[in-house]
Every structure is written in C-alpha cells, then in structure tokens.
Amino acid sequence: MSDPWARLRAQRDSQYSESVDMSARPAAGSQTQMCVAMEISHANNDGNVHGGTIMRLVDGAAGIAAMRHARSRVVTASMDDMSFLAPVYIGDLVTVRAMVNDAHSTSMEVGVRVDVENIATGEWRHVASAHLVFVALDADGRPSPVPPVLAETDDEARRQAQARVRREQRLLRKQALAAAARDGASR
Ligand SMILES: CC(C)(COP(=O)(O)OP(=O)(O)OC[C@H]1O[C@@H](n2cnc3c(N)ncnc32)[C@H](O)[C@@H]1OP(=O)(O)O)[C@@H](O)C(=O)NCCC(=O)NCCS
C-alpha cells in the first residue's frame, strides 16, 4: 500500500471493533476538553483570533466526543447554531468543552462550549457555543448505527430534550427547502 493516508486509515480502522455494543452509554463518557493558547498564527489581519480558528477547534473537540460515544469513525455532517459571543485575543487560553447530547440511528448531536482565560488577569469569558451533527461510518464509509445516549443528570436530560427539538427542526427545514426547490424548478 503506497498511499500513506490509506495506510494510516487501515491501521486506525483495524482498531475499531466490528461489533459495537449498542447498549445506551452515559453522555458523560463522551466528555472532551481541549486547551490551546492562542498565537500569532491564529490571528487575522486585525490581530484578533480568526473565527475559523475557533471553528476548527470546535469541530476537532466535537469529533473526539462523537468518536468516544460511537467508538467508530465519524464525519461532520453539519454545524449549526454557532454563535460568537465575544472576541478572542492572541495570548488567551482557549478551553473547548464538548459532549454528545443525543444520538439517533447513525447520527449524534454534540454540544460545544468555548471559554477563554486571560492568563494575565485570570478573567474567564464565554466566547462561543455550537451544536454539530456527526455521523458514524463503517469500514466501507457507510453510515453505521450508534448507541443511544443515557442522560444521567438534569443538565444532560435538558440538553437531550433540546437536541431532539433541533433534530426535528433540521428535518423540517430540509423538507421545506426541498419543497421550495421543487416549486422553484416547476415555475
Ligand atoms: C454525512 C453523510 C455521511 C450522510 O450520508 P447520507 O448517505 O446522506 O446518509 P443518510 O441520508 O442515510 O443519513 C444518515 C444520517 O445522517 C444524518 N444527516 C445526513 N445529512 C445531514 C446533515 N446535513 N445534517 C445533519 N444530519 C445529517 C441523517 O439525519 C441520518 O441520521 P440518522 O441515521 O441518525 O437518522 C454524507 O453526507 C457525507 O459523507 N458527507 C460528507 C461528510 C464530510 O466529509 N465531512 C467533513 C467535511 S470536510
């Protein structure tokens, strides 16, 4: 196998079990935290941290949370409700926390919260929040089943209930856009 990416993928895929245990797993088992100090390479032309830098960290932490829940390969299917609440500056310490809120057949919603600490003053700011959907994939790259999420705390139960509302809204939006596209095409 000469393609180094194919070799890496095959090596990683061989570690995933072919038969994943489908009993419900605690939401907390997917909890993921990443800390990164912001450097000049993360900045835009104004000297503030790029929104894209934060989105990359959000996607990375959320993907790890999804893999921890599914114990399989995953891909990002969508990122929605991403709100930037305050700017991030060079030197800030960014903390990204992610957890799977809910799982359906092959997809999982992951909630992410981003806070920054000003290392000089110790002041913390909540700078962004997001919800992402990941889909688990089998060895052939097809969507594969994921275990349900067990919400064990009041906060986890609230997040799971809200994730279900967002899923309904995503499906309704998809249907409404498809209907609008059909109407537009038939004019
Ligand atoms: C995400 C992906 C695997 C879905 O494949 P698909 O053949 O459309 O799968 P299906 O229609 O059978 O849907 C599978 C699941 O994905 C969910 N899904 C598909 N598209 C979605 C979207 N845009 N947003 C949220 N969920 C989505 C479906 O709701 C379904 O969930 P469920 O099984 O829990 O009900 C496929 O679109 C894909 O590979 N996209 C590219 C992903 C990628 O490369 N991401 C990185 C970008 S750099």
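**Strand 4, helix 2 and the ligand shell**

Strand 4, residues 93-103, is mostly covered, with 8 of its 11 residues buried. This and everything below is read from a predicted model.

Strand 4 has pairing partners that can be followed one by one. One of them is strand 2, residues 32-37, which pairs with strand 4 in the antiparallel sense over 6 bridges. Within that pairing, Val36 has Val94 of strand 4 as its bridge partner. Another partner is strand 5, residues 107-117, which runs antiparallel to strand 4 and is joined to it by 10 bridges. Here Arg97 is matched with Arg113 of strand 5 as its bridge partner. The connection from strand 4 to strand 5 is a hairpin of 3 residues.

The next element to look at is helix 2, which covers residues 51-70. At 1.5 Å a residue, its 20 residues should span 28 Å, and the end C-alpha atoms are 28 Å apart, so the expected and computed lengths agree. The buried residues of helix 2 are Ile54, Leu57, Val58, Ala61, Ala62, Ala65, Ala66, His69 and Ala70. What covers these buried residues? Strand 4 and strand 5 are among the covering elements, as are strand 1 (25-26), strand 2, strand 3 (73-84) and strand 6 (124-137). Just after helix 2, Arg71 adopts a positive phi of about 50 degrees.

These elements can be set against the database record. In an unreviewed entry, UniProt lists residues 28-140 as "domain: HotDog ACOT-type". Over residues 28-140 the chain is 48% strand and 18% helix, and the end C-alpha atoms of this stretch lie 29 Å apart.

The last part of the picture is the ligand. Which residues surround the ligand? They are Val75, Thr76, Ala77, Ser78, His104, Ser105, Thr106, Ser107, Val133, Val135, Pro143 and Arg170. Strand 3 gives the most to this shell, with 4 residues. Strand 3 and strand 6 each supply at least two residues of the shell. Both strands also take part in covering the buried residues of helix 2. By residue class, the shell around the ligand divides into 6 polar, 5 nonpolar and 1 charged.

Taken together, strand 4 pairs antiparallel with strand 2 and with strand 5, and strands 2, 4 and 5 are among the elements that cover the buried residues of helix 2. Strand 3, another of those covering elements, is the one that gives the most to the shell around the ligand.

How values were computed. Residues numbered from 1 in each chain as written. Predicted model: local features only at pLDDT ≥ 70, side-chain atom pairs only at ≥ 80, totals over all residues. Buried ≥ 20, exposed ≤ 12 C-beta atoms within 10 Å, placed from the backbone. Pairing = 2+ DSSP bridges. Expected span 1.5 Å × (residues − 1). Contact = placed C-beta atoms within 7 Å. UniProt positions renumbered as here; feature names shortened; annotations may be inferred. Near = placed C-beta within 6 Å. Nonpolar A, V, L, I, M, F, W, Y, C, P; charged D, E, K, R; others polar.
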